[in-house]
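Morning, everyone. Please bring up the structure on your screens. I'll go through it piece by piece.

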Amino acid sequence: MKKVFLETFGCQMNVSDSERVASTLVSRGYQITDSQADADVVLINTCSVREKAEQKLYSEVGRIRHSGRMKPVVGVLGCVAQLEGETLFDKIEGVDLVIGTRAVGRVADALESVFKGEQVADLGERERDYNWYVSEEQRHSPYVAFVPIIEGCNKFCTYCIVPFSRGREVSLPADEIVRQVLEFRDQGVKEIHLIGQNVNSYRPVTEVGLEGFAGKTPFSRLLRAVSATGIERIKFNTSFPRDFHDDIVDAIEENENLCNWVHLPVQSGSDLILKAMKRLHSIDRYKRKVDRIRNSKRDIALTTDIIVGFPGETRKDFDQTVELFEYCKYDSAYIFKYSPRFGTPSYKMADDVSHEEKSARFAELEKVQRRLQAESLSRYNGKTLSVLAEKRSAKSYLDLFGHSTCHRVVNFSCGTEFLGKIVNVRITQAKSNSLYGEVV
Ligand code: 5AD
Ligand code: SF4
């Protein structure tokens, strides 16, 4: 039985693809191993969103080549594979297999050809055959499952490689999504994440599966349809600000199992920069959406992504980002330094914010966020949160950790018999990134 080591970089969509690849490989007689050292096949599922992520592929293959043992079969999957195709055979010595984002369902077939001595590059068709199969053993968690609802992206924000690496937006059929959620529910999954580059741009070809569900958009109808499955918790990300309508908040308010967390990447606090990024929303309109979220009776946590140092970003533009952070009081924020990606429209713009200035803005914004986050986290002190006990804590053998409905990491002392259960935890301490508490 051949052993496969599968390494995954990047977003939840990559994690989800890897779960499918692993499930299919096991059904075709392979064994998935945790040890790269004794693997016959090493597959690397890659990310190309920033240069740093892409570099990981190059250093990883180099490491395998120089490990001094007989070289395993090396396959590159995912976004870098889709973008680079067979040029990877020349660019990186030792690569035997290249499988793009649309061809991940065919890894097992491709491996058969590789074992016959061929080099294979499969970038798939425009629309891939969707492979829903994820086995319980290959999910990243026994209690949490990812359900892709929309793949690819049509937005073409000027800095972003995703529309090129993942192709056009395709919404998956609602009846299949609901079927998948029911299957997970019956397997004992407590929390599902509806995932996609822009979940709220969801627009399936037909309404099959959504009939009878209220909602102003297909996405809010889907939320209500998924809620009706009775699965205990539903989270969704990422949301695209232009397509974020109040009705999504209405759906959260009406249905307890729709969790109180919204990830709404703003990318910049300056209208000028948003325009140059082609984000299709203004700060004013974004703030109105934030107001609706913040005024909700569900105490919805709000998180975001932000890029500092986009071409042309002045000190004034950056100050507006800081102001926006003060206004939104994000519960958490992923801050990125702008990284030019070859093939994107902004690649041709002068990358004119110096490396030092990008680092300085990054550090400054991080400091602001840390202060705001500490204030926002302190509101949980003494409160009781509903937490899914997911894992034993890495730091303390006696502690478990999990996520609250608002997607906060919570650590608490509790026996392992609680693993997989949803427990009430009274928060006793708020640290910069996580909460500590005791079971009540
Ligand atoms: N440079 C820096 N950050 C980027 N992101 C996407 N493309 C780039 C880029 N070229 C960030 C955005 C996005 C997140 C997933 O990655 O903030 O929301
Ligand atoms: Fe990239 Fe913009 Fe699409 Fe998000 S919406 S994946 S940032 S192009």
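Let's start with ligand 2. Its shell holds eight nonpolar residues, two polar ones and two charged ones. Keep in mind that this model is predicted. Who sits in that shell? The cysteines are Cys153, Cys157 and Cys160, and among the others are Phe156, Tyr159, Val162, Pro163 and Phe240. Gln197 and Asn198 are there as well. So are Lys155 and Arg279.

Now go to ligand 1. Which residues are around ligand 1? Val49, Arg50, Tyr159, Gln267, Asp305 and Ile307 are there. So are Phe336, Lys337, Tyr338, Ser339 and Arg341. Sort that shell by type, and you get five nonpolar, two polar and four charged residues. Notice Tyr159: it is listed around ligand 1, and it is also listed around ligand 2.

Next, the polar contacts of ligand 1. Take Arg50. An N or O atom of its side chain is 2.8 Å from an oxygen atom of the ligand. Then Gln267. A polar atom of its side chain lies 2.7 Å from an oxygen atom of ligand 1. Ser339 uses its backbone instead: an N or O atom there lies 2.8 Å from a nitrogen atom of ligand 1.

How much of ligand 1 does the protein bury? Alone, the ligand exposes 400 Å², and the protein buries 85% of that. Two elements give two or more residues each to this shell: strand 13, residues 301-308, and strand 14, residues 332-337.

On to the aromatic rings. There are six aromatic pairs in the structure. Look at Phe310 with Tyr338. Why is this pair edge-to-face? The ring planes stand at 70°, and over 60 degrees counts as edge-to-face. The ring centres are 5.3 Å apart. The two partners are 28 residues apart in the chain. Phe310 is in the loop between strand 13 and helix 12, which covers 315-328. Tyr338 is in the loop between strand 14 and helix 13, which covers 355-378. Tyr338 is also one of the residues around ligand 1.

Last stop, the barrel. How many strands close into it? Five do, in the order 15-16-17-19-18, with mixed pairing. From one strand to the next, the twist averages 50°. Zoom in on one pairing. Strand 17, residues 409-413, runs parallel to strand 19, residues 435-439, and four bridges join them. Across that pairing, Asn411 stands opposite Tyr436 of strand 19.

That's my tour. Over to you.

Conventions: Residues numbered from 1 in each chain as written. Chains lettered and ligands numbered in written order. Predicted model: local features only at pLDDT ≥ 70, side-chain atom pairs only at ≥ 80, totals over all residues. Heavy atoms only, no water. Near = heavy atom within 4 Å. Nonpolar A, V, L, I, M, F, W, Y, C, P; charged D, E, K, R; others polar. Polar contact = N/O pair within 3.5 Å; in protein donor to acceptor, adjacent residues only side chain to side chain. Areas by Shrake-Rupley, 256 points an atom, 1.4 Å probe, with all protein chains shown as cover. Pairing = 2+ DSSP bridges. Axes fitted to C-alpha atoms, helices over the stretch in contact; angles between N-to-C directions. Phe/Tyr/Trp six-rings, centres within 6.5 Å; stacked < 30°, edge-to-face > 60°.
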